[in-house]
Each structure stands twice: as C-alpha cells, then as structure tokens.
Amino acid sequence: MYLEVRLPWNVIIPAENLDQKGLILQRSIIIRLLDEFACKKATKDLGYYLAVTSLEHIGEGKVRQNTGDVLFPVVFNGLTFKLFRGEILEGIVHKVLKHGVFLRCGPVENVYLSHLKMPDYKYVPGENPVFMNDKLSRIGKDMSVRFIVIGTKWLEAEREFQALVSLEGDFLGPVS
C-alpha cells in the first residue's frame, strides 16, 4: 500500500534563478524538485508518487555547456502508493455496470470488481443501479467497499495502474 522510498533525482536550475546566497539556491532546488516530482505521477516499480518527505542530500552542481543551467544531483525520501496482490483495501464505487463496478482506491482510478467476484450479489437495474444480496446489503455509487486485490496491471502509456479485485473472503463487502 504505502511505501517509504529513497530516490536519487537530477534537478536543473535555470541560470537566471541562481544566486550567491545558499538559502535561496536551496529553496529553488526544493521547489523545482517538488514540481518535477508532482509531474512524474507513477512508475511500475514504485507505484504512484504521493509526497516528498525529506531531502537527504544536495550534490555539487554541474554547469550544462549550452544553456548555462546547473544540474544538481539530489537524494530524497518520498512516499508512494502501490497495490499488491492479496492486499485488503477499501475503495469508493464511482460506476455501476451490469457486469460489475469500478472503484477508486487512493490515486488508483480503475479498480474493477466483477459480478463474478461478488458471491451472492445480484444486479438490480434502475435509475440508480446497485448490486444487492439476500440480506439487503447493497453496493452502489458512492458507497465504500472493502475488497481483496486479485491482480494489478501497469499501463505504460497512461502511467497508471488497473486492478482486479474480489469480495470472496471474510469481512469483505460494503462498509457502513
């Protein structure tokens, strides 16, 4: 789920942002690092980038020949989010279809729960379709559901994960 990672990164500071005062330079490096980190989104190995927690080290800057910009190697600690097979999580239903539901779980938008993986639940069509079981337990839009992850898939082009989940297990299903 959440991972604490230590990452090396290269931060490029434009020549016009350079100053002789160390604090202003350090501030520029941190701001640039945070901007680049936010744009990266996710990687297959580490999952979704969430936050920079601490800056460990700023290396010596190297001037780039053509532009005059300075490249600083930095090492920082960060927080990431990645789904793992067998993990039990909660998500919010955002789409109900005849063959299953799509949930959101943290930064993951495409978590699919098939009707085949919802034992005892039947699709009930209507203006607000839901899945309901004999005990009148409902799974519908904007409801919270506890599930187990069956598998994940990394989509390189979109730089995001998809997950397939199930309610087959103890204490899984709608959460009140």
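Mentor: Contact means heavy atoms within 4.5 Å. This is a predicted model, in which local features need pLDDT of at least 70, side-chain atom pairs count only at pLDDT 80 or more, and totals for chains, interfaces and linings use all residues. Residues are numbered from 1 along each chain as its sequence is written, and side-chain values use heavy atoms, without hydrogens and water.

Trainee: Which residues does glutamate 87 touch, not counting residues up to four places away in sequence?

Mentor: Glutamate 87 lies in the loop between β5 (70–81) and β6 (88–97); strands are DSSP runs of E of at least two residues, numbered from the N terminus. With residues up to four places away in sequence left out, glutamate 87 touches Met1, Lys82, Phe147, Ile148 and Val149.

Trainee: How far from glutamate 87 is the nearest side chain of opposite charge?

Mentor: Glutamate 87 is buried (under 20% relative accessible area, 1.4 Å probe, protein chains only). It has no salt bridge (a side-chain nitrogen of Lys or Arg within 4 Å of a carboxyl oxygen of Asp or Glu). Lys and Arg count as positive and Asp and Glu as negative, while His and the chain ends are not counted. The nearest side chain of opposite charge, lysine 82, is away by 9.9 Å.

Trainee: From which backbone atom does a polar atom of the side chain of glutamate 87 lie 2.8 Å?

Mentor: The chain ends are not counted as charges. At 2.8 Å from a polar atom of the glutamate 87 side chain lies the backbone nitrogen of methionine 1.

How values were computed. Helix = DSSP H or I, 4+ residues; strand = E, 2+ residues; numbered from the N terminus. Buried < 20%, exposed > 50% of the residue type's maximum accessible area, 1.4 Å probe, protein only. Polar contact = N/O pair within 3.5 Å; in protein donor to acceptor, adjacent residues only side chain to side chain.
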